[in-house]
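Hello,

As promised, here is the structure to load into your viewer. My notes on the domains and the main pocket follow below it.

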Amino acid sequence: MTKRAHNFCAGPAALPTAVLEKAQAEMLNWQDRGVSVMEMSHRHASFMELAAQCEANLRELMQIPANYKVIFMQGGATAQFSLLPMNLLAGKTQADYIDTGIWSTKAIKAMAPYGSANIIASSQTGEYLTVPQQHELNISPDSAFVHYCPNETIGGLAFDYIPDTGDVPLIADMSSVILSEPIDVSKFAMIYAGAQKNIGPAGITLLIVRDDLLGKSRFDTPPIFDYQKQWENDSMLNTPPTYSWYLASLVFEWLLANGGLEAMAKVNHAKAAALYAAIDNSQLYSNKVNKANRSIMNVTFTLADEALNSTFLQEAEANDLLNLKGHRSVGGMRASIYNAVPMESIQALISFMQDFEARYWNK
Ligand SMILES: *Cc1c(COP(=O)(O)O)cnc(C)c1O
């Protein structure tokens with residue numbers, strides 16, 4: 001059997017082995033056409049069929065209501081939070097943002113050329129260990145939208161509720177949490193997510209947009225960045241990243257074949273609970289995030305003695321436990337445990353952590 005390491009990369013992240021095997025088997029000859037899926041026109045009927053099935057499967061998985069459009073674009077989540085103001089300000093001059101960490105902050109900065117970003121609530125003073133509560137959200141009726149990040153990938157901080165923003169459209173950057181458990185799409189005006197965490201390889205970005213938000217872009221928005229125009233053209237205004245799209249479609253099939261998002265949620269909560277319990281029960285490791293706001297996808301932890309960090313990472317890697325180093329901006333460790341990371345990888349990590357602690361700390 002081919003070697004597969006325990007991959008805790010934050011992104012581009014692990015993909016399900018079964019998906020990669022299917023892609024491998026179909027690599028040279030897709031649908032018996034004698035060409036790879038990446039060697040054919042995106043306008044070919046069979047690729048259009050793939051795209052349509054891909055959307056249908058996603059709609060089934062996420063129970064997306066009919067008045068929401070599914071759009072695929074390029075440029076990652078970063079392009080999307082940069083394009084939001086162009087598409088959604090609709091003549092207004094401000095939007096509201098909730099600040100819970102690095103990705104929220106980047107979205108806030110991207111607003112600057114277009115209008116004011118009101119930071120209506122922030123958990124910065126609490127070192128991003130908790131999220132603002134509903135009653136702290138001072139939403140302005142003059143704002144074009146409210147933006148937030150339900151799961152801060154770098155801090156390992158997650159909302160335990162969906163903000164109620166009344167009539168002001170709620171926009172969520174779900175890059176690192178989409179498809180990890182069922183969510184009520186109707187509570188959002190728009191959801192977007194880069195693919196490389198829970199959807200597929202980098203290169204494609206998913207947008208789920210309520211239809212009343214379309215057609216409101218600024219006059220100078222290039223068509224390629226315009227949600228309405230992309231939707232009208234089946235997300236194929238120019239050549240889309242066809243191979244990423246194909247792999248995303250295989251991931252959606254894999255999710256459906258494995259019980260959908262309810263089944264994923266069960267496994268994901270069990271994985272996270274096991275890892276947090278191991279951290280909480282140790283003397284060496286700790287996680288300071290408010291318990292209700294601990295991410296089930298990105299588990300951060302620090303070692304009581306930072307001098308042990310590099311040994312920890314070296315030994316982890318020697319045990320095929322990869323990519324545990326925390327983001328450069330926060331340090332410490334981070335295990336990203338997306339859908340494709342199985343419970344056995346969590347167990348291998350926990351055993352390693354316990355063994356490491358016994359050898360270096362509780363000697
Ligand atoms: C990874 C990530 C991004 C950035 O994605 P890119 O595709 O690199 O632009 C943005 N927001 C969140 C929450 C992320 O996890």
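**Domain interface and main pocket**

The rule finds zero salt bridges across the interface of domain 1 and domain 2. Please keep in mind that this is a predicted model.

To set the scene, the protein is divided into domain 1, residues 18-257, and domain 2, residues 261-360. Their contact takes 25 residues from domain 1 and 24 residues from domain 2. Between them, the two domains bury about 2,000 Å², and 58% of that area is on carbon and sulfur atoms. The C-alpha centres of domain 1 and domain 2 lie 27 Å apart.

Now to the pocket, which I suspect you will want to open next. The largest pocket has a volume of about 620 Å³, and 24 residues line it. If you want a place to centre your view, R4, L15, P16, T17 and A340 are the lining residues that lie nearest the pocket's centre.

Which elements give two or more residues to this lining? They are β1 (6-7), α1 (17-26), α7 (260-280) and α9 (343-360). The largest share comes from α1, with five residues. Both domains take part as well: the lining draws at least three residues from domain 1 and at least three from domain 2.

As for chemistry, the lining of the largest pocket has 13 nonpolar residues, alongside eight polar and three charged ones.

Happy to talk it through whenever suits you.

Best wishes

Conventions
Residues are numbered from 1 along each chain as its sequence is written. This is a predicted model: local features need pLDDT of at least 70, side-chain atom pairs count only at pLDDT 80 or more; totals for chains, interfaces and linings use all residues. Side-chain values use heavy atoms; hydrogens and water are left out. On a 1 Å grid over the protein atoms alone, a cavity is a set of points where a 1.4 Å probe fits but cannot get out, and a pocket is an open set with protein on both sides within 12 Å along at least five of seven lines; lining residues have an atom within 4 Å of a point. Grid points are joined across faces, edges and corners, and a volume is the space filled by probe spheres set on the points. Helices (H or I, at least four residues) and strands (E, at least two) are DSSP runs, numbered from the N terminus. Ala, Val, Leu, Ile, Met, Phe, Trp, Tyr, Cys and Pro count as nonpolar, Asp, Glu, Lys and Arg as charged, and the others, Gly among them, as polar. Domain bounds come from an automatic or database domain assignment. Contact means heavy atoms within 4.5 Å. Buried area is the accessible area (1.4 Å probe) that two parts lose on being put together, summed over both. A salt bridge is a side-chain nitrogen of Lys or Arg within 4 Å of a carboxyl oxygen of Asp or Glu.
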